[in-house]
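Please open the model in your viewer and keep the sequence panel visible. The tour below proceeds by selections, each followed by a description of what is found there.

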Amino acid sequence: WGDPTLTTPILVNGELFHATTNLAAALRVFRGEGMEELLWVDAICIDQGSVEEKNQQLPLMRDIYVRARRTLVWFGDGGEGGRNEALAFKLIRRWAAALKEAYNLVRQDELDILKRRRKGDSTPDLAAEISKMYSEKMGDFLGHKLGDDFDRSEYTALVGLRRNPYWVRIWIMQEFALPQDLILRLGYDEIKYDLFKYGYEVLRDHDLYGLNRTLQEEHLRLIAGCSWPGASTLINLRSRWSESEHGTDFSLWDLLNMNDLRTSSNPLDAVYGLLGLVRSPEVPVIIDYSMSPIKLFTDLAVNFIDHPSVGLNILSLVGTPFFPQYTNKPSLPSWIPDFGRPAGIPTYAQTFRGTAEWDISAEAQATATKLRANGVVCCRVQEICAWSDSRYRTMTEWLNLLLSSQTPYPCGIPKVQV
């Protein structure tokens with residue numbers, strides 16, 4: 001990752017190769033440690049200037065990551081821009097170690113509670129008792145342990161790691177999710193993925209352990225800036241991959257919906273970079289770097305519209321992208337998403353939902369340039385109000401407004417049912 005225009009000459013098999021400065025820094029660190037193992041680096045081992053080689057090699061990347069003995073994630077030398085990001089690993093380790101101590105502290109209390117229950121204790125809510133014990137006793141211990149060791153510079157370093165360009169690259173989704181043994185590197189410091197995940201999730205979910213009650217306000221304010229969607233998404237992705245039958249749990253549509261925060265220098269990679277995570281895509285996609293982004297995105301959109309699990313939900317990815325400064329936008333019809341920078345309306349919140357599966361909806365037909373969709377009018381917007389509009393402070397007031405007119409919706413559904 002990094003600026004591709006900033007390069008450093010290195011020798012590969014006796015031949016001059018212009019590596020990015022970030023890659024060259026990583027190779028020098030690994031060589032300085034006396035590493036004698038074979039390394040596979042996509043930027044070197046795949047001829048990035050050969051369409052034919054990329055078409056042939058990229059479908060193999062899933063097998064390369066799955067079969068690798070170790071995969072090294074490189075975040076930089078730990079001091080980019082004056083930030084000593086290596087302190088971030090120190091902070092993650094301390095949070096993980098503190099939680100392990102806290103668990104050991106309360107484990108015996110938990111066993112005592114369970115033993116009482118087996119002896120006929122009629123405590124009405126066992127789960128609530130255990131939860132309270134964890135929140136209070138663990139919260140007190142963790143608040144003391146982490147509060148005494150509070151170092152503002154470590155939290156600043158973790159914020160620096162959060163801003164690292166690594167987290168928004170499209171290709172790291174495979175690199176992070178697929179390997180058996182994943183090691184994160186900051187210069188000469190490293191941390192195993194399982195320990196990173198453990199410490200990061202404790203820090204992110206600190207309120208579950210009662211730390212909102214026991215830590216100082218400044219400490220909590222710094223903690224609030226130390227979790228980020230990029231890390232959480234990758235951790236969830238890796239967990240889903242390891243729990244599934246090697247990708248059978250993934251669909252290309254799901255992955256594209258996770259993609260609104262990712263970037264790639266080539267718009268085609270916004271799709272091709274996800275295929276290694278999908279055992280069998282629900283729509284046909286062939287890796288072909290001679291294809292234009294307009295052709296790939298159009299074919300993909302048309303196929304998704306014809307697919308029963310997606311249909312008009314494809315329109316949820318149309319609109320202003322998360323990165324408004326994105327200017328290299330393909331000239332697409334308005335109904336075709338730019339998968340390189342999708343708008344990313346949150347489908348989990350049901351903000352947008354196509355109605356292809358409803359009886360009141362008719363079919364949609366798509367060609368390379370036009371979308372024709374037949375449907376019915378369900379309602380017309382009469383007024384748009386801000387969320388803070390003082391007229392409708394409660395759900396009851398809003399419902400009364402809705403029911404003030406007894407006429408049904410144009411489709412015939414009574415408003416109470418709506």
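In this tour, two residues are in contact when they have heavy atoms within 4.5 Å of each other. The model is predicted.

**First stop: glutamate 33.** Select glutamate 33, which sits in the loop that joins α1 (21-32) to α2 (42-45). Which residues does glutamate 33 touch, leaving aside its neighbours within four places in sequence? They are Arg185 and Tyr188. Now add tyrosine 188 to the selection: 155 residues separate glutamate 33 from tyrosine 188 in sequence, yet their C-alpha atoms are 8.3 Å apart in space. Glutamate 33 is classed as partly exposed because its relative accessibility is 37%, a value between the limits of 20% and 50%.

**Second stop: confidence.** Colour the protein chain by pLDDT. The chain has a mean of 80, and 80% of its residues reach 70 or more. Select helix α3 (residues 51-57), which has the highest mean pLDDT among the elements of the chain, at 94. Next, select residues 346-352, where pLDDT stays under 50. For this stretch the model has 9 contacts beyond four places in sequence.

**Third stop: helix α16.** Select residues 395-403, which make up helix α16; its mean pLDDT of 72 is the lowest among the elements of the chain. Within helix α16, pick leucine 399. Is leucine 399 buried or exposed? Its relative accessible area is 39%, so leucine 399 counts as partly exposed. Finally, select Met395, Trp398 and Leu401 together with Leu399: these residues form a nonpolar surface patch with about 420 Å² of accessible area together.

How values were computed
Residues numbered from 1 in each chain as written. Predicted model: local features only at pLDDT ≥ 70, side-chain atom pairs only at ≥ 80, totals over all residues. Heavy atoms only, no water. Helix = DSSP H or I, 4+ residues; strand = E, 2+ residues; numbered from the N terminus. Buried < 20%, exposed > 50% of the residue type's maximum accessible area, 1.4 Å probe, protein only. pLDDT = per-residue confidence, 0-100. Patch = residues over 30% accessible without salt bridge, like charges linked within 9 Å, V, L, I, M, F, W, Y side chains within 5 Å. Areas by Shrake-Rupley, 256 points an atom, 1.4 Å probe, with all protein chains shown as cover. Salt bridge = Lys/Arg side-chain N within 4 Å of Asp/Glu carboxyl O.
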